[in-house]
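Student: I'd like to learn how to read a model like this one, feature by feature. Can we go through it together?

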Amino acid sequence: MTGRNQTTVSEFLLLGLPIESEHRNLFYVLFLAMYVTTVLGNLLIIVLICLDPHLHTPMYLFLSNLSFSDLCFSSVTMPKLLQDMQSQDPSISYAGCLIQIYFFLFFGDLEDFLLVAMAYDRHMAICFPLHYTTIMSPRLCLFLVVLPWVLTTFHAMLHTLLMARLHFCADNEIAHFFCDMSALLKLSCSDTRVNELVIFITGGLILVIPFLLIITSYGRIVSSILKAPSASGICKAFSTCGSHLTVVSLFYGAVIGLYLCPSANHSTVKETVMAMMYTVVTPMLNPFIYSLRNRDMKGALGRVFCRKNAPFSL
């Protein structure tokens, strides 16, 4: 065992997705299209919110940060995945693996907290409309944006430093398409109990509590709207909460099932599918669910393009 501990690993091999070779090109095109859609959709949201003064409100402040987080979160893993699908050398350096872990946790946690801020904003807007502008003051909005960036910085750094203290033996094949913490813990020949304990404790704080806050906020929204029993009120409740809760369920369901449940209960294929749900699918769907179906965003899109075409019409 001592001899194995002295063998330091300088790089890891990402085994990627369990895709048969004859289907690899098809999935490559599919994932490339999904990544391009994610980048363009979230960039469009950020640009529209910056250019249109009508969207300079708390809701769209949070949304612009969420779009930036989604764009970066997907970019942490997708370019490497696409490269490895076309490469014969799916390796990643030890330092590169730690860097990927840090930014993966950073932007994943950032999305987690921003979803809570958006749920709180909608709760205040619908349940307390007369006091909304007073409650959601510029100072509170700035606090709700800055706090997630600070918390995620420390949380990502904590796990990265704990991972950096581990020793890795001769086995350097990661059964995943990115440097996932649970996959790396299986490869380590060090005692990983501290890492597992910290993942479980911080996972409860970072994932479960925000998830319960989101569910509570949308539950109160539905309760508030249903107090006025009208068809329009019920439609508004489902319109406001239904699509949002779909993405929240996809994101939190996959993350909680993957990181807070014992890894022995999941096969490698199931873990990979759950990881794809929150790293690829959710960032791609968010622009459609939160914005591109939104009347304000459609209006902003028309105003921005009309403003650019106005000189030519003269």
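Student: Let me start with the sulfurs: is the disulfide of Cys97 and Cys179 left-handed or right-handed, and why?

Tutor: Keep in mind that this is a predicted model. For handedness you look at the torsion about the S-S bond; for Cys97 and Cys179 that is about -130°, so the disulfide is left-handed. Cys97 belongs to helix α4 (residues 94–127) while Cys179 sits in the loop between β3 (173–174) and α7 (181–187), so the bond ties together parts that are 82 residues apart in sequence. The S to S distance is 2.0 Å, and both Cys97 and Cys179 are buried.

Student: How many disulfides are there in total?

Tutor: The test is whether two cysteine sulfur atoms come within 2.5 Å. By that rule you get 2 disulfides. The other one joins Cys169 to Cys189, again with S to S at 2.0 Å. This link is right-handed, with 115° about its S-S bond. Here Cys169 is in the loop between α6 (138–164) and β3, and Cys189 is in the loop between α7 and α8 (193–226), so to speak distant parts of the chain, 20 residues apart. Cys169 and Cys189 are buried too.

Student: What is the pairing if I number the bonded cysteines in sequence order?

Tutor: You'd write 1-3, 2-4.

Student: And Cys50, is that buried or exposed?

Tutor: For that you compare relative accessibility with a cut-off: over 50% is exposed. Cys50 has 55%, so Cys50 counts as exposed.

Student: Next, helices. How do I judge whether α8 runs straight, and where is its kink centred?

Tutor: Try two checks, end-to-end span and local bend. α8 has 34 residues and covers 48 Å from first C-alpha to last, close to the 50 Å expected at 1.5 Å a residue. The local bend adds something: a kink of about 35° is centred on Gly203. For α6, with 27 residues, the span is 39 Å, close to the expected 39 Å.

Student: Which elements cover the buried residues of α6?

Tutor: Look at who touches the buried side of a helix. For α6 the cover includes α3, α4, α7 and α8. The buried residues of α6 include Cys141, Pro148, His155 and His159.

Student: What about a single polar residue such as Ser69, is it buried or exposed?

Tutor: Start from accessibility, then list the neighbours. Ser69 lies in helix α3 (residues 58–85), and at 0% relative accessibility Ser69 counts as buried. Leaving out residues up to four places away in sequence, Ser69 touches Phe107, Leu110, Glu111 and Leu114. A polar atom of the Ser69 side chain lies 3.5 Å from the backbone nitrogen of Glu111.

Student: Which residues does UniProt list as "transmembrane region"?

Tutor: Treat that as a record to hold against the coordinates. The unreviewed UniProt entry lists 26–51, 98–120, 140–158, 197–216, 237–260 and 272–292. In the model, residues 98–120 are 100% helix and 0% strand, with end C-alpha atoms 33 Å apart. Residues 197–216 are likewise 100% helix and 0% strand, and their end C-alpha atoms lie 27 Å apart.

Student: Zooming out, how many helices and strands does the chain have?

Tutor: Count the elements, then read their order. There are 11 helices and 3 strands, in the pattern α-β-α-α-β-α-α-α-β-α-α-α-α-α. Of the 314 residues in the chain, 49% are buried. Among contacts between residues at least 6 apart in sequence, 79% join residues at least 24 apart.

How values were computed: Residues numbered from 1 in each chain as written. Predicted model: local features only at pLDDT ≥ 70, side-chain atom pairs only at ≥ 80, totals over all residues. Heavy atoms only, no water. Helix = DSSP H or I, 4+ residues; strand = E, 2+ residues; numbered from the N terminus. Buried < 20%, exposed > 50% of the residue type's maximum accessible area, 1.4 Å probe, protein only. Expected span 1.5 Å × (residues − 1). Bend = angle between axes of the 7 residues up to and from the residue. UniProt positions renumbered as here; feature names shortened; annotations may be inferred. Polar contact = N/O pair within 3.5 Å; in protein donor to acceptor, adjacent residues only side chain to side chain. Contact = heavy atoms within 4.5 Å.
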